[in-house]
Amino acid sequence: MSVISAAISRRSALICGTIGLAGLASGCAPRLGNAFTSADTHVLGYPTVEAVIRFGELLSKRTDGRLSLKMFAGGQLGNERDTLEITTFGGLDFNRVNLAPLNSIEPLTKVIALPFLFESTQHMRTTLDGPIGDEILESLEPHGLIGLCFYDSGSRSFYNTRGPIREPADMRGLKLRVPGSDLYVSMVQSLGADAVPMPLDEVYQSLAQGVIDGAENNWPSFESGKHYEVARYYSLTNHLLAPEVFVMSKISWDKLTASDQQIVREAARESVPYMRELWDTQVERSKEIVISSGVEVNEVDPAPFAEAMTAMWDRSLDNARQRDMLERVLALRTGGA
């Protein structure tokens, strides 16, 4: 057994113990009773968590309870990189993950993670609801994952403990947390800051202890993770509109009948508008909480940030299929490419 396989097996055993599953002979039996298992780093009430719970309700209703879902929210089973590995190994049935841990697995996911790519939320949703989104979801299957749907992750902006960011020069020397992705590291470095890859659940303590000066994320994550309690400056660069992805383990998928596979796909797709409705409401609620707490929020001219960051596009896309997809995404802008 390789070092990597051994490490995955140890994490699988830990998760199996946590959720009361027995036996790794088949990749950790993926059911808890008759229920599928799913993980999310966000807490109960967060839109992605509630959308997956709604998916489970649809699944149960359409199979008369034969198939159901047990959600492990709030990072109970580890960070996204770990739970994603376990999902590919069959130790978890479903997982909601950020694009970052997928960037090193499937090159096409880098395209829709580029900064300043989407001109609006509608542009992003139109792209992901169509052939481009389907192509990216399908690209995950060779990696042991069945891509089911995309969820919103809102506009991401920078926040820190030192002061407002008004121009790229204000970021020089800042130690900023990023998800574990070379693309995110390159993005932050292009602005003169020091990128510190780190799981989301370590950000609050790292901000409080001065290990990092700041991070970047959307309004709901900034608020629900309580990061606003220690990082009192939020600068609206709105540099990313990258989505989240809901996936299923291919090992679990292959055990389903064709009709059950169809039920799973339809239930996942139907959870998307529900998630988007929750998301739009949560963004406004989180804004209100953050602003009322006294956090200094400042608008930013995005042009100099976009100029500095889009220079990394060519460095991030290293094959013709990625570049072709980029052109198709840009062509969907209201003014075209």
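A salt bridge here is a side-chain nitrogen of Lys or Arg within 4 Å of a carboxyl oxygen of Asp or Glu. Keep that cut-off in mind as you click around, and remember that this is a predicted model.

**Stop one: the long helix.** Select residues 258-292, which is helix α11. Its 35 residues reach 51 Å from the first C-alpha to the last, close to the 51 Å expected at 1.5 Å a residue. Now show the side chains of E284 and K287: they form a salt bridge, with the closest N and O atoms 3.8 Å apart. Because they sit three residues apart in α11, about one helical turn separates them. Colour by accessibility and E284 comes out partly exposed at 47% relative accessible area, while K287 is partly exposed at 28%. Then step just past the end of α11 to G294, which takes a positive phi of about 100°.

**Stop two: bridges across the sequence.** Pick E135 and R321, whose side chains meet in a salt bridge (3.1 Å, N to O). This pair links distant parts of the chain: E135 belongs to helix α6 (residues 131-138) and R321 to helix α14 (residues 320-331), 186 residues apart. Which of the two is buried? E135 is, with a relative accessible area of 17%; R321 is partly exposed at 45%.

Next, try E296 and R166, another salt bridge, at 4.0 Å from N to O. E296 lies in strand β12 (residues 296-299) and R166 in the loop between β6 (156-160) and β7 (175-178), so the pair ties together parts 130 residues apart in sequence. At 34% relative accessible area, E296 is partly exposed.

**Stop three: a network.** Select R125, D129, D152, R276 and D280 together; salt bridges link them in a network. The whole model has 19 salt bridges by the rule above.

**Stop four: the cores.** Hide the charged side chains and look for the largest nonpolar core, which has 50 residues. Good places to start are L102, L117, M171, V245, F305 and L326, the residues with the most contacts inside it. Helix α7 (residues 182-189) gives the largest share of this core, five residues.

Centre the view on M171. What does it touch, leaving aside neighbours within four places in sequence? You should find F158, I165, L176, L191, G192, A193 and F305 in contact with M171.

Finally, select L69, M248, L256 and V283: they are among the 43 residues of a second, separate core.

Definitions and conventions:
Residues numbered from 1 in each chain as written. Predicted model: local features only at pLDDT ≥ 70, side-chain atom pairs only at ≥ 80, totals over all residues. Heavy atoms only, no water. Core = buried A, V, L, I, M, F, W, Y, C linked by side-chain atoms within 4.5 Å. Buried < 20%, exposed > 50% of the residue type's maximum accessible area, 1.4 Å probe, protein only. Helix = DSSP H or I, 4+ residues; strand = E, 2+ residues; numbered from the N terminus. Contact = heavy atoms within 4.5 Å. Expected span 1.5 Å × (residues − 1).
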